[in-house]
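Trainee: Could we go through this structure together? I would like to begin with the strands.
Mentor: Certainly; here it is.
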Amino acid sequence: MQLEKYQIQSHNEPQLSAHYRKLAYLEEELGDTEQLIEKLTAFQIAIPSWALGTGGTRFGRFSAGGEPRNLEEKINDIGLLHALNRSSGAISLHIPWDIPQDTLAVKELAASHGLRFDAMNSNTFQDQQNQEFSYKFGSLQHEDPKVRKQAVEHNIEVIRQGIELGSKSLTVWLADGSCFPGQLNFRKAFQHTLDSLKEIYAALPDDWKIFIEYKAFEPNFYSTTVGDWGQSLLFANKLGPKAYTLVDLGHHLPNANIEQIVSLLLMEEKLGGFHFNDSKYGDDDLTAGSIKPYQLFLIFNELVEGMDTRGMDHAEDLGWMIDASHNVKDPLEDLLQSVEAIMLAYAQALIVDRAALQTAQIENDVVRCQEILQNAFRTDLRPLVAEARLRSGGALAPVELFRSLQIRSQLIQERGLFTMATGL
Ligand code: PSV
Ligand code: MN
Ligand code: MN
């Protein structure tokens, strides 16, 4: 199904006067908001192809129905999201879940929705059909060079496919690690992984980046070979200038200070991008901003400060992506909520009074520092984010429109009730 312009307009029409009233109030508070709106309009968040179906746990999976059955339908779903919010203009593919049959047609379809191809994701954490060697005991870290070679070649194949699609980066997330003490020689595992990554790095085109994603635990529960930002940074530094660390918010040990990690990675010019999600305990799949919105804001606060200090382009110089897919919400509504939360945190970070904060920091005025940050965090910037959406042709209230048009029922009619999107 496709969303028509008139459907968005007739949704927006009756809400316009209330919207402009709220916006005017904000303008009174903040002064000129044009620059803020421009930045919000430019900011795009990539959607992973595996977030479009209901996720699952190892205990069960409950499909929402109408899930995309192939790459084309996944692209169409992201097209729908982008039409609604105008901020989801990119898709991140996972190989082999999303192998394009007809690359040209896939590119055209994506372009017709205004989507570009974000980072490509390789998969050496599952055994695929017809695969010669198993990844049960790791891939790039494996003791057996033949297993490592197979995993390296897979990554190089993913780069090749990405080149055809116009992507510019590869994200490597490894499940490699160990479940029990003594299972692994940590240094050997690291060294093998480094050697394998070097071969993948050598296959990167000049204008590509490789993102090394870390994760503290799961599926291995004793050690993960790229377990934290220190290990990821070691790899990235040893590999060279095209290698960066990727921060997935859900991949830390509880209470980790992610904003500090972000700040230091930026300082080292090694922050490559983000996977947004949220968690209460050890999850990496809850809706961004649903549990710890203040943390999300604090992360953006460091991002904006660090990027501005370095003259970086907010929209272009880092990879922004959602990585969440869970069990109980409609996946498309969930993604709309995640994008909104990310945009809000970004907007709040943009209005932090940086000069005043710097002065308060120099004067050790701790109370003032907190006031400044929380003033920004507690300002309701939803009208600003909505205005950015409105100006780009999106809906003032995307979730409401998704519901009133009964998009899920239409997708179920088109695709059936018992569909199962490929993914985690
Ligand atoms: C597994 O934790 C994971 O969610 C990682 O975050 C990757 O980015 C993703 O799967 C896809 O490979
Ligand atoms: Mn991730
Ligand atoms: Mn994850």
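Mentor: Let us begin in strand 7, where Ile212 is the bridge partner of Val172. Helices (H or I, at least four residues) and strands (E, at least two) are DSSP runs, numbered from the N terminus. This is a predicted model, in which local features need pLDDT of at least 70 and side-chain atom pairs count only at pLDDT 80 or more, while totals for chains, interfaces and linings use all residues. Residues are numbered from 1 along each chain as its sequence is written, and chains are lettered from A and ligands numbered from 1 in the order in which they are written.

Trainee: Over how many bridges do strand 5 and strand 7 pair?
Mentor: Strand 5 and strand 7 (residues 209–213) pair over 5 bridges, in the parallel sense. Two strands count as paired if DSSP finds at least two bridges between them.

Trainee: And what is strand 4 paired with?
Mentor: Strand 4 (residues 120–121) pairs with strand 5 in the parallel sense, over 2 bridges. There, Asn121 has Thr171 of strand 5 as its bridge partner. Between these two strands the chain passes through helix 6 (residues 145–165), in a right-handed β-α-β crossover. Right-handed is meant as follows: with the strands pointing away from the viewer, the path from the first strand over the helix to the second runs clockwise.

Trainee: Why is strand 5 described as largely enclosed by the rest of the structure?
Mentor: Because 5 of the 5 residues of strand 5 (residues 169–173) are buried. A residue is buried if 20 or more other C-beta atoms lie within 10 Å of its own, exposed if 12 or fewer, and partly exposed in between, with C-beta atoms placed from the backbone.

Trainee: Which way do the residues of strand 5 point?
Mentor: Ser169, Thr171 and Trp173 point one way, Leu170 and Val172 the other way, and all are buried.

Trainee: What is the strand order of the sheet with 6 strands?
Mentor: That open sheet has the order 4-5-7-9-10-11, with parallel pairing. Its edge strands are strand 4 and strand 11, each of which pairs on one side only.

Trainee: How is strand 10 joined to strand 9?
Mentor: Strand 9 (residues 243–248) and strand 10 run parallel and are joined by 4 bridges. One partnership is that of Val247 with Phe274 in strand 10. Together with helix 9 (residues 258–267), the two strands make a right-handed β-α-β unit.

Trainee: Is strand 10 mostly covered or uncovered?
Mentor: Covered: 6 of the 6 residues of strand 10 (residues 271–276) are buried.

Trainee: And what about strand 11?
Mentor: Strand 11 (residues 319–322) pairs with strand 10 in the parallel sense over 4 bridges. The chain goes from strand 10 to strand 11 through helix 10 (residues 293–309), again in a right-handed β-α-β crossover. Phe276 stands opposite Ile322 in strand 11.

Trainee: Changing topic, which residues come nearest to ligand 1?
Mentor: Asn121, Trp173, Asp248, Asp284 and Asp323 come nearest, of the 9 residues around ligand 1. A residue is near a molecule or strand if its C-beta atom, placed from the backbone, lies within 6 Å of it.
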